[in-house]
Amino acid sequence: MQDLPNLFLIGPMGAGKSTIGRLLAAELCRDFYDSDHEIQARCGADIPWIFDVEGEAGFREREVQAIDDLTRRSGIVMATGGGAVIREANRRALRERGTVIYLYTTVEQQLRRTAKDRNRPLLQSKDPGQVLRELFAVRDPLYRATADLIVRTDRRGPKAVASEIVRRVTKLVDPLQSCKA
């Protein structure tokens, strides 16, 4: 399946981008990258520290550079951070250099999946649910405008989601494949 394009996973925090991305990469025998992990490795600090010292704007600048660099590689699967779609440069790089998959999940599911995670600076508030609803209102249209495919992740295991993505992306590349013997 090396003829498949790069696969880039977008979506809100808690959608399963990293977990599903690792499964996809393993199934497709590709390298997996997580743009947030790449930023941390380059900076030598975790994301909450970057937010504290440089603010969200500083983090977003680092994110643009990491996504630009990673999307130039070939034959990869990459998970982005939830806010990657905020910057037009990121949306353009993702659209132009691979197939973009929006992992859609509800705010309720996000709350369940991120409840105990202290490494999400935007959720360190009195009402994380309200923060997630506000983020969803702004970002969902950007995810949809950027994506080639939308895949729901609510109440589904990561392996089922990864299998659906492989099936759907394969049909995008070769729509007649399901008809071949």
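In the predicted model, helix 3, which comprises residues 47-71, spans only 21 Å between its end C-alpha atoms. A straight helix of 25 residues would span 36 Å at 1.5 Å a residue. Along helix 3, a bend of about 115 degrees is found at glutamate 54. The N-terminal end of helix 3 is capped by aspartate 46, a side-chain oxygen of which lies 3.0 Å from the backbone nitrogen of tryptophan 49.

Buried positions in helix 3 occur on either side of glutamate 54 in the sequence. Ile47, Pro48, Ile50 and Phe51 are among the buried residues, as are Gly58, Phe59, Arg60 and Glu63; the list is completed by Ala66, Ile67, Leu70 and Thr71. The partners against which these buried residues pack include three strands, namely strand 1 (7-10), strand 2 (31-34) and strand 3 (76-79). Packing also involves helix 2 (35-43), helix 4 (88-97) and helix 6 (128-146).

Helix 3 belongs to a protein chain with 7 helices and 5 strands, arranged along the sequence in the pattern β-α-β-α-α-β-α-β-α-α-β-α. Of the 181 residues in the protein chain, 47% are classed as buried. Among contacts between residues at least 6 apart in sequence, 73% join residues at least 24 apart. The exposed area of the protein chain amounts to about 9,000 Å², of which carbon and sulfur atoms supply 51%.

Terms used. Residues numbered from 1 in each chain as written. Predicted model: local features only at pLDDT ≥ 70, side-chain atom pairs only at ≥ 80, totals over all residues. Heavy atoms only, no water. Helix = DSSP H or I, 4+ residues; strand = E, 2+ residues; numbered from the N terminus. Buried < 20%, exposed > 50% of the residue type's maximum accessible area, 1.4 Å probe, protein only. Contact = heavy atoms within 4.5 Å. Areas by Shrake-Rupley, 256 points an atom, 1.4 Å probe, with all protein chains shown as cover. Expected span 1.5 Å × (residues − 1). Bend = angle between axes of the 7 residues up to and from the residue. Polar contact = N/O pair within 3.5 Å; in protein donor to acceptor, adjacent residues only side chain to side chain.
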